[in-house]
Amino acid sequence: MSGSYSRHGAVEMLDMEGEAILLNQETFTVTKLNETGGFVWQSLTEPLTFEDLAERLSNEFRTGREAVDADLRHFLEQLTEIGLIRREE
Amino acid sequence: MIEALRLIGDNLIRFRLSGPEAERYLAMTIGSRPVPPAVRRAPDYTIAVSSGYGHPLEIAEDAEVPVAFEETPRGLTFTRADYRLAISADRREADIGFCDYFSLRTALLNWLSTVLTERRWGLIVHSSCVVNDGEAHLFTGYSGAGKSTVAALSRPRPLLADESSILQVPEVGRILVHDSPFRNDFPEPAGVSPVPLRAVYLLEQSTSVGKRRLRGSEAMLALFDKIVHWKYDNRLSAGLVRQCKTLVERVPVYVLEFQKNDRFWEVIS
């Protein structure tokens, strides 16, 4: 999990009563995030590594790194796959 | 050249038709309701409609068919195998070439969606819409979910739409539903328009009857892909999403489980 993650430029976040919805303006699709996903997205105002993100999550939600790492890896894979975030080596 | 005036939402449109075939297809597509004398004024838009363009699509109606888009200083052009829509730079005039009912209907919805989105006027939603006690109830869902069944079961209540509802989203105040001339099975005009929107229902056929309110984010996800839209400009798409957000913030959205009978009105009203 080397490299850093950043937001796709054409994606905008909407706040729906505290829940985050991402709009990909290029594909005209929307994706709903849970609270953790919304936190990760909002953290990505600048490119961050997996380590940076995992540390922030662990602190924010007071969760052990083991659980955070597994969830975060899955989340980043999903969002990369659907083109909402990019990974750069 | 044949001329015809039609009202769509609060837009007065002058059609210039190439001949009797175009006139006949226009009547099939958006009806032949005369414009009330009270609305007679200079037309907001002029659309020239010519038959004989391209060839019919040989695929299912709801399949995604690519539309080529071009923007030049002279305006916007949308081209598909079965229609061509050109909109002038000032958006006041348009030219449509079509070959059959389906292509003319799609071209007109393409035109309407484009001008309404650019003006931030409102949304077109795949849905039927019924007036009950002076308020509009909008029913949506995937193809086959029962939009037109609900319309049929709701008679004699007035229908504002049986498949494409025209929603005005003002900056403040209630969402308004205008009588849609795009009809499939029920061409009779609603007789009242516009009507404030009371609620939106996502249809689910079931063995029971009941309703469950969706949270804002769920409602947004459920409604978003029911919007009739031709994407060609990211900023416009974003504007449309904001209007969809305004809609779910101002109007409750429910999942409606219904059987194929009119008992669903008991849980709605």
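Author: Let's start with the yardstick: a residue is buried under 20% relative accessible area, exposed over 50% and partly exposed in between (1.4 Å probe, protein chains only). This is a predicted model, where local features need pLDDT of at least 70 and side-chain atom pairs count only at pLDDT 80 or more, while totals for chains, interfaces and linings use all residues. Residues are numbered from 1 along each chain as its sequence is written, chains are lettered from A and ligands numbered from 1 in the order in which they are written, and side-chain values use heavy atoms, with hydrogens and water left out.

Reader: What makes H2(B) mostly covered?

Author: Of its 18 residues, 16 are buried. They fall under the 20% cut-off, so they earn the word. H2(B) itself is a DSSP run (helices: H or I, at least four residues; strands: E, at least two; numbered from the N terminus).

Reader: How do you know what span to expect for H2(B)?

Author: Take 1.5 Å times one less than the number of residues. For the 18 residues of H2(B) that gives 26 Å, and the first-to-last C-alpha reach is 26 Å, close to the expectation.

Reader: Why are S1(B) and S4(B) called edge strands?

Author: Pairing takes at least two DSSP bridges between two strands. The open sheet runs S1-S2-S3-S7-S6-S5-S4 in chain B, with mixed pairing, and S1 (2-8) and S4 (68-72) each pair on one side only.

Reader: What makes S1(B) and S2(B) a pair?

Author: They share seven bridges in the antiparallel sense. The rule asks for at least two, so they pair. Ala4(B) stands opposite Phe15(B) in S2(B), and Ile2(B) opposite Leu17(B).

Reader: How do you know which strands H2(B) touches?

Author: Contact means heavy atoms within 4.5 Å. By that test H2 (101-118) packs on the sheet, touching S1, S2, S3, S5, S6 and S7 of chain B. Its direction makes about 25° with that of S6(B), using lines fitted to C-alpha atoms (for helices, over the stretch in contact) and angles from 0 to 180 degrees between N-to-C directions.

Reader: Why is the link between Arg242(B) and Glu12(A) called a salt bridge?

Author: The label needs a side-chain nitrogen of Lys or Arg within 4 Å of a carboxyl oxygen of Asp or Glu. Here N to O is 2.6 Å, so the definition is met. The count between chain A and chain B is two.

Reader: What does "bury" mean for the two chains together?

Author: It's the accessible area (1.4 Å probe) that two parts lose on being put together, summed over both. Chains A and B bury about 1,500 Å², 71% of it on carbon and sulfur atoms.
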